[in-house]
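Me: Please take a close look at the cysteines in this chain and at what surrounds them. Set that part in the context of the rest of the model, and say how far the model can be trusted.

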Amino acid sequence: MRDVSLSSDSSLVYQPDLEQNEAKHKDEYRNFESGSLIDRVFNTYKLMHTNQTMEFVKQKHSDWLNCNHTEMGMMEAIMSLDQLVDESDPDVDFPNSFHAFQTAEGIRKEHPNKDWFHLVGLIHDVGKVMALWKEPQWAVVGDTFPVGCKFQKSIVFRDDSFQDNPDEKNPDYNTECGIYKEKCGLENVFMSWGHDEYLYRVLNFNKCPIPEEGLYMIRFHSFYPWHTGGDYMHLCNDKDLSMLPWVQEFNKFDLYTKVSDLPDVEKLKPYYQSLIDKYCPGILKW
């Protein structure tokens with residue numbers, strides 16, 4: 001699946017050394033035990049795990065999935081993330097727009113011939129614009145998980161943050177499958193509300209021709225209990241399992257390109273605008 005040949009394209013003005021970053025810092029990423037940001041991170045997850053219920057998720061679908069909040073181009077949405085620092089992220093404390101270009105350039109270096117993959121790296125977090133409009137960050141950022149069935153052990157802060165979630169005590173929701181059937185497929189599962197599902201729906205609403213592998217990356221890149229924790233496999237169908245390696249391939253760029261060496265965004269914009277013009281052209285409905 002992987003195309004690891006390096007590009008000779010001189011327009012690659014920012015080239016994160018992914019292998020060096022991973023080898024040097026791998027154990028330091030996603031540290032939910034300690035660190036200068038841990039109190040902020042835990043408080044965000046505590047609010048998320050208390051309030052993300054089946055009822056809440058259905059309400060958010062009603063609020064957001066008509067894409068009638070605003071209209072703007074994709075690059076404008078990306079750059080608006082200059083105003084956002086993700087309160088759930090223990091690894092970085094800089095605006096989210098830089099992370100977008102870091103991820104995209106990491107992918108571009110290892111997969112030079114998959115331009116749609118570069119674009120996915122750039123836009124994967126754009127759904128976080130909800131936090132700039134009206135949603136609290138606990139309903140936008142962070143790891144996602146299914147609602148309507150048992151909360152699995154690999155969810156971040158699982159044992160310390162779900163006590164006040166009413167679905168935890170609901171007999172319809174607290175069994176292994178809950179309201180779902182085994183192998184029902186993730187497309188039929190209600191995920192906790194956040195930027196993944198929102199951007200996926202925006203792209204579909206606007207008929208953006210991104211390949212299915214890319215849409216899966218966008219929809220499930222924050223579903224760490226699945227693609228990294230190995231939970232919820234009983235809900236997956238064959239399609240989900242075939243897409244899992246793509247999501248895992250994306251994840252290493254999403255995670256291990258988070259370094260303090262920030263890219264020169266203005267130099268990168270022309271290339272990525274050309275991808276936006278190809279896959280997400282014009283003014284989009286949000």
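Reply: What follows starts with confidence and overall make-up, then turns to the cysteines, and then to some other local features.

The model is predicted. Its mean pLDDT is 88, and 83% of the residues reach 70 or more. Over residues 1-16 the pLDDT is below 50, although this stretch has 42 contacts in the model beyond near neighbours in sequence. Residues 20-24 also have a pLDDT below 50, with 5 contacts beyond near neighbours in sequence.

The chain holds 13 helices and 2 strands. Of its 286 residues, 57% count as buried. Among contacts with a separation of 6 or more, 82% join residues 24 or more positions apart. The accessible surface of the chain is about 12200 Å², and carbon and sulfur atoms contribute 46% of that area.

Now the cysteines. The number of disulfides is 0, with a cut-off of 2.5 Å between sulfur atoms. For Cys-280, the closest cysteine sulfur is that of Cys-208, at 4.0 Å, so the two are too far apart for a bond. For Cys-184, the closest cysteine sulfur belongs to Cys-177; the separation is 7.5 Å, which again is too far for a bond.

Cys-280 has a relative accessibility of 0% and therefore counts as buried. Cys-280 is also among the residues with the most contacts inside the largest nonpolar core, a set of 83 residues. Met-74, Ile-78, Leu-122, Ile-123, Leu-203 and Trp-286 are listed with Cys-280 in that respect.

Leu-122 gives a view of how one of these core residues is surrounded. Beyond its neighbours within four places in sequence, Leu-122 is in contact with Ile-78, Ala-100, Phe-101, Ala-104, Tyr-272 and Ile-276. Ile-78, one of these partners of Leu-122, is itself named among the residues with the most contacts in the core.

Lys-207 directly precedes Cys-208 in the numbering. Lys-207 lies in the loop between helix H9 (195-205) and helix H10 (212-220). Its phi is near 55°, a positive value in a residue other than glycine. Most residues other than glycine have a negative phi. With a relative accessible area of 72%, Lys-207 is exposed.

Tyr-232 also has a positive phi, near 65°, and is not a glycine. Tyr-232 sits in the loop between helix H11 (224-227) and helix H12 (238-256). At 1% relative accessibility, however, Tyr-232 is buried, whereas Lys-207 is exposed.

Helix H12 contains Trp-246. Trp-246 has a relative accessible area of 14%, which puts it under the 20% limit for a buried residue. The C-alpha atom of Trp-246 is 8.0 Å from that of Tyr-216, although the two residues are 30 apart along the chain.

Helix H2 offers a check on geometry. H2 covers residues 38-51, and at 1.5 Å a residue its 14 residues should span 20 Å; the end C-alpha atoms are 20 Å apart, so the model agrees with the expected span. Within H2, the buried residues are Ile-38, Val-41, Thr-44, Tyr-45, Met-48, His-49 and Thr-50. Helix H8 (158-161) is part of what covers the buried residues of H2.

In short, the cysteines form 0 disulfides, and Cys-280 is a buried residue with many of its contacts counted inside the largest nonpolar core.

Technical notes
This is a predicted model: local features need pLDDT of at least 70, side-chain atom pairs count only at pLDDT 80 or more; totals for chains, interfaces and linings use all residues. Side-chain values use heavy atoms; hydrogens and water are left out. Helices (H or I, at least four residues) and strands (E, at least two) are DSSP runs, numbered from the N terminus. Buried means under 20% relative accessible area, exposed over 50%, partly exposed in between (1.4 Å probe, protein chains only). Contact means heavy atoms within 4.5 Å. Accessible areas come from the Shrake-Rupley method with a 1.4 Å probe; for residues, only the protein chains shown count as cover. A nonpolar core is a set of buried Ala, Val, Leu, Ile, Met, Phe, Trp, Tyr and Cys residues joined through side-chain atoms within 4.5 Å. The expected span of a helix is 1.5 Å times one less than its number of residues. pLDDT is the predictor's confidence in each residue, from 0 to 100.
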